[in-house]
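Here's a quick look at one residue and the sheet around it. Pull up the model and follow along.

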Amino acid sequence: MEVSTAEGSDEAYIRNDGHACFVCKTHLYSTLNAVANAFMEQYIDNNNIDGQSGSDQQKVILYNGTNADDTRDPTRLGLQAASNFSVHSPLDQITKDEVRQAAKYLGLSNWNAAASPCLRSRLAMGVMATEEHLRAIEFAEAFVREVLELDETINARVRMLSGGKAMVELDNSIIESVDDYDFLATKLNDRGFGDKCINEWGFKKFGGVRGFKTGSVAAMPKDHDAPLAVATL
(Lines give C-alpha, C1' and ligand atoms only; values in the text may rest on other atoms or scores of the structure.)
Protein backbone atom coordinates (compact mmCIF):
# COMPACT_ATOMS: atom_id res chain seq x y z
CA MET A 1 0.00 0.00 0.00
CA GLU A 2 1.25 3.48 -0.85
CA VAL A 3 -0.35 6.51 0.76
CA SER A 4 0.60 10.10 -0.02
CA THR A 5 1.17 12.78 2.59
CA ALA A 6 0.37 16.43 2.05
CA GLU A 7 3.00 18.45 3.86
CA GLY A 8 4.17 19.91 0.54
CA SER A 9 0.92 21.86 0.25
CA ASP A 10 0.84 22.97 3.89
CA GLU A 11 1.75 26.64 4.27
CA ALA A 12 3.18 25.97 7.74
CA TYR A 13 5.68 23.58 6.11
CA ILE A 14 6.43 25.70 3.06
CA ARG A 15 7.30 28.75 5.22
CA ASN A 16 10.25 26.81 6.64
CA ASP A 17 10.35 29.09 9.65
CA GLY A 18 11.78 26.49 12.01
CA HIS A 19 8.61 24.41 12.45
CA ALA A 20 8.77 22.44 9.18
CA CYS A 21 10.01 19.23 10.80
CA PHE A 22 7.13 19.30 13.30
CA VAL A 23 4.63 19.90 10.49
CA CYS A 24 6.09 17.19 8.25
CA LYS A 25 6.10 14.56 11.01
CA THR A 26 2.56 15.52 12.01
CA HIS A 27 1.44 14.77 8.44
CA LEU A 28 3.41 11.52 8.46
CA TYR A 29 2.05 10.21 11.74
CA SER A 30 -1.50 11.36 10.94
CA THR A 31 -1.31 9.37 7.71
CA LEU A 32 0.14 6.30 9.39
CA ASN A 33 -2.55 6.47 12.06
CA ALA A 34 -5.23 6.62 9.36
CA VAL A 35 -3.72 3.54 7.68
CA ALA A 36 -3.51 1.72 11.03
CA ASN A 37 -7.12 2.56 11.89
CA ALA A 38 -8.35 1.38 8.48
CA PHE A 39 -6.42 -1.87 8.90
CA MET A 40 -7.87 -2.45 12.37
CA GLU A 41 -11.43 -1.84 11.15
CA GLN A 42 -10.92 -4.35 8.35
CA TYR A 43 -9.32 -6.84 10.73
CA ILE A 44 -12.22 -6.56 13.20
CA ASP A 45 -14.82 -6.93 10.43
CA ASN A 46 -13.07 -9.93 8.82
CA ASN A 47 -12.75 -11.75 12.13
CA ASN A 48 -16.23 -10.90 13.45
CA ILE A 49 -14.79 -9.25 16.54
CA ASP A 50 -16.88 -6.91 18.64
CA GLY A 51 -15.67 -3.39 17.79
CA GLN A 52 -15.07 -2.17 21.33
CA SER A 53 -13.35 -5.29 22.63
CA GLY A 54 -11.30 -5.57 19.46
CA SER A 55 -9.99 -2.04 19.73
CA ASP A 56 -9.15 -2.65 23.41
CA GLN A 57 -7.17 -5.82 22.67
CA GLN A 58 -5.52 -4.84 19.40
CA LYS A 59 -3.56 -1.68 18.82
CA VAL A 60 -1.11 -0.74 16.09
CA ILE A 61 2.08 0.76 17.52
CA LEU A 62 4.12 3.25 15.50
CA TYR A 63 7.91 3.19 15.75
CA ASN A 64 10.65 5.54 14.56
CA GLY A 65 14.45 5.38 14.41
CA THR A 66 15.23 8.21 16.82
CA ASN A 67 18.55 7.63 18.59
CA ALA A 68 20.11 9.21 21.68
CA ASP A 69 22.01 11.80 19.64
CA ASP A 70 18.75 12.98 18.09
CA THR A 71 17.17 13.57 21.49
CA ARG A 72 19.96 16.00 22.39
CA ASP A 73 19.32 18.20 19.33
CA PRO A 74 16.87 21.00 20.24
CA THR A 75 16.14 21.75 16.57
CA ARG A 76 14.46 18.35 16.03
CA LEU A 77 10.90 19.49 16.61
CA GLY A 78 9.68 16.37 14.84
CA LEU A 79 10.28 14.62 18.15
CA GLN A 80 7.41 16.66 19.60
CA ALA A 81 5.15 15.38 16.84
CA ALA A 82 6.25 11.83 17.65
CA SER A 83 5.34 12.41 21.29
CA ASN A 84 1.95 13.80 20.30
CA PHE A 85 1.17 10.55 18.47
CA SER A 86 2.70 8.24 21.11
CA VAL A 87 5.32 6.98 18.67
CA HIS A 88 7.79 4.54 20.23
CA SER A 89 11.56 5.06 19.86
CA PRO A 90 13.31 1.78 20.74
CA LEU A 91 16.76 3.14 19.83
CA ASP A 92 16.63 6.34 21.85
CA GLN A 93 19.01 5.06 24.53
CA ILE A 94 21.92 4.36 22.17
CA THR A 95 23.96 6.72 20.03
CA LYS A 96 24.12 6.89 16.26
CA ASP A 97 27.57 5.24 16.31
CA GLU A 98 26.20 2.41 18.43
CA VAL A 99 23.34 1.94 15.98
CA ARG A 100 25.89 1.64 13.18
CA GLN A 101 27.95 -0.90 15.11
CA ALA A 102 24.85 -2.99 15.80
CA ALA A 103 23.90 -2.82 12.10
CA LYS A 104 27.42 -3.95 11.15
CA TYR A 105 27.24 -6.84 13.61
CA LEU A 106 23.93 -7.92 12.09
CA GLY A 107 25.46 -7.86 8.61
CA LEU A 108 23.43 -4.99 7.20
CA SER A 109 25.05 -3.66 4.05
CA ASN A 110 24.14 -0.04 4.80
CA TRP A 111 25.72 0.07 8.27
CA ASN A 112 28.19 2.78 7.21
CA ALA A 113 26.02 4.63 4.70
CA ALA A 114 25.99 8.40 5.06
CA ALA A 115 22.97 9.93 6.74
CA SER A 116 20.21 10.78 4.29
CA PRO A 117 17.80 13.28 5.85
CA CYS A 118 15.05 14.98 3.91
CA LEU A 119 15.88 17.53 1.22
CA ARG A 120 14.14 20.27 3.20
CA SER A 121 16.95 20.06 5.76
CA ARG A 122 19.28 21.59 3.13
CA LEU A 123 17.29 24.83 3.11
CA ALA A 124 18.34 27.61 5.45
CA MET A 125 15.56 28.73 7.74
CA GLY A 126 13.35 31.18 5.88
CA VAL A 127 14.08 29.75 2.42
CA MET A 128 10.71 28.53 1.20
CA ALA A 129 10.30 24.76 1.07
CA THR A 130 8.74 24.72 -2.39
CA GLU A 131 8.83 21.81 -4.80
CA GLU A 132 11.11 23.85 -7.07
CA HIS A 133 13.67 24.42 -4.32
CA LEU A 134 13.63 20.79 -3.24
CA ARG A 135 14.12 19.58 -6.80
CA ALA A 136 16.99 22.04 -7.22
CA ILE A 137 18.70 20.45 -4.22
CA GLU A 138 18.03 16.96 -5.54
CA PHE A 139 19.51 17.67 -8.99
CA ALA A 140 22.49 19.58 -7.60
CA GLU A 141 23.47 16.86 -5.13
CA ALA A 142 23.19 14.13 -7.75
CA PHE A 143 25.48 16.19 -10.01
CA VAL A 144 28.05 16.71 -7.23
CA ARG A 145 28.13 13.01 -6.38
CA GLU A 146 28.57 12.05 -10.03
CA VAL A 147 31.33 14.56 -10.80
CA LEU A 148 33.31 13.89 -7.62
CA GLU A 149 32.62 10.14 -7.75
CA LEU A 150 31.30 9.96 -4.19
CA ASP A 151 29.88 6.69 -2.93
CA GLU A 152 27.05 6.21 -0.45
CA THR A 153 29.35 6.37 2.58
CA ILE A 154 30.36 9.99 1.91
CA ASN A 155 28.36 12.91 3.26
CA ALA A 156 27.61 15.47 0.57
CA ARG A 157 25.10 18.28 0.77
CA VAL A 158 24.09 21.19 -1.42
CA ARG A 159 22.61 23.85 0.84
CA MET A 160 20.35 26.61 -0.40
CA LEU A 161 21.21 29.62 1.71
CA SER A 162 19.55 33.01 2.02
CA GLY A 163 19.43 34.78 -1.31
CA GLY A 164 19.41 31.52 -3.24
CA LYS A 165 23.14 30.81 -2.86
CA ALA A 166 24.22 27.20 -3.42
CA MET A 167 26.85 25.98 -0.95
CA VAL A 168 28.39 22.53 -1.34
CA GLU A 169 29.39 20.69 1.84
CA LEU A 170 31.62 17.62 1.75
CA ASP A 171 33.08 15.26 4.33
CA ASN A 172 36.37 16.58 5.66
CA SER A 173 38.08 13.40 4.42
CA ILE A 174 37.35 14.48 0.83
CA ILE A 175 38.59 18.01 1.41
CA GLU A 176 41.74 16.83 3.20
CA SER A 177 42.54 14.46 0.35
CA VAL A 178 43.08 17.45 -1.96
CA ASP A 179 43.82 20.04 0.76
CA ASP A 180 42.07 22.72 -1.27
CA TYR A 181 38.45 23.90 -1.23
CA ASP A 182 38.99 25.93 -4.39
CA PHE A 183 40.23 22.88 -6.29
CA LEU A 184 36.95 21.09 -5.64
CA ALA A 185 34.88 24.17 -6.53
CA THR A 186 36.87 24.57 -9.75
CA LYS A 187 36.40 20.92 -10.64
CA LEU A 188 32.66 21.28 -10.23
CA ASN A 189 32.57 24.52 -12.23
CA ASP A 190 34.65 22.97 -15.01
CA ARG A 191 31.83 20.46 -15.42
CA GLY A 192 29.25 23.24 -15.50
CA PHE A 193 27.97 23.13 -11.93
CA GLY A 194 27.79 26.91 -11.48
CA ASP A 195 26.01 27.43 -14.78
CA LYS A 196 23.51 24.67 -14.06
CA CYS A 197 22.82 26.10 -10.61
CA ILE A 198 21.73 29.40 -12.12
CA ASN A 199 20.35 28.47 -15.53
CA GLU A 200 18.71 25.11 -14.85
CA TRP A 201 18.07 24.53 -11.16
CA GLY A 202 17.02 27.96 -9.91
CA PHE A 203 19.84 28.98 -7.56
CA LYS A 204 21.08 32.57 -7.75
CA LYS A 205 24.80 31.76 -7.49
CA PHE A 206 27.33 29.12 -6.46
CA GLY A 207 29.03 30.03 -3.18
CA GLY A 208 31.79 27.40 -3.16
CA VAL A 209 32.72 24.34 -1.11
CA ARG A 210 33.10 23.94 2.66
CA GLY A 211 33.36 21.15 5.21
CA PHE A 212 30.26 19.14 6.04
CA LYS A 213 28.59 19.72 9.37
CA THR A 214 25.32 18.04 10.20
CA GLY A 215 22.57 20.55 10.88
CA SER A 216 24.69 23.45 9.66
CA VAL A 217 21.65 25.44 8.55
CA ALA A 218 19.36 24.29 11.35
CA ALA A 219 18.03 26.92 13.73
CA MET A 220 15.47 27.17 16.48
CA PRO A 221 12.34 29.14 15.57
CA LYS A 222 11.87 32.39 17.43
CA ASP A 223 8.37 31.27 18.40
CA HIS A 224 8.73 27.98 20.23
CA ASP A 225 5.01 27.20 19.97
CA ALA A 226 4.72 24.91 16.97
CA PRO A 227 1.80 25.69 14.60
CA LEU A 228 -0.98 23.24 13.92
CA ALA A 229 -0.27 21.28 10.78
CA VAL A 230 -3.07 20.90 8.30
CA ALA A 231 -3.03 17.10 8.28
CA THR A 232 -6.35 16.01 6.84
CA LEU A 233 -6.08 12.24 6.37
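## Who leucine 170 touches

Setting aside the neighbours within four places in sequence, leucine 170 is in contact with Val144, Leu148, Leu150, Asn155, Ala156, Ile175, Leu184, Val209, Arg210, Gly211 and Phe212. Keep in mind that this is a predicted model.

Take arginine 210 from that list. Leucine 170 and arginine 210 sit 40 residues apart in sequence, yet their C-alpha atoms are 6.6 Å apart in space.

## Buried or exposed?

So is leucine 170 buried or exposed? Leucine 170 has a relative accessible area of 0%, and the cut-off for buried is under 20%, so leucine 170 counts as buried.

## The sheet it belongs to

Leucine 170 is part of strand β2, which covers residues 165-170. The sheet here is an open one with three strands, ordered β1-β2-β3, and its pairing is mixed. At the edges are β1 (156-160) and β3 (205-211), each of which pairs on one side only. From one strand to the next, the twist averages 20°.

Strands of a sheet pair through backbone hydrogen bonds, in either a parallel or an antiparallel way. For β2 and β3, the sense is parallel, with five bridges. Along β3, phenylalanine 206 is the residue standing opposite alanine 166.

## Helices across the strands

Two helices are worth a look here. Helix α9 (residues 181-190) lies across β2 and β3, and runs at about 140° to β3. Leu184, one of the contacts of leucine 170, falls within the residue range of α9.

Helix α10 (residues 193-201) lies across β1, β2 and β3, with an angle of about 130° to β3.

Technical notes: Residues are numbered from 1 along each chain as its sequence is written. This is a predicted model: local features need pLDDT of at least 70, side-chain atom pairs count only at pLDDT 80 or more; totals for chains, interfaces and linings use all residues. Side-chain values use heavy atoms; hydrogens and water are left out. Helices (H or I, at least four residues) and strands (E, at least two) are DSSP runs, numbered from the N terminus. Buried means under 20% relative accessible area, exposed over 50%, partly exposed in between (1.4 Å probe, protein chains only). Contact means heavy atoms within 4.5 Å. Two strands pair if DSSP finds at least two bridges between them. Axes are lines fitted to C-alpha atoms, for helices over the stretch in contact, and angles run from 0 to 180 degrees between N-to-C directions.
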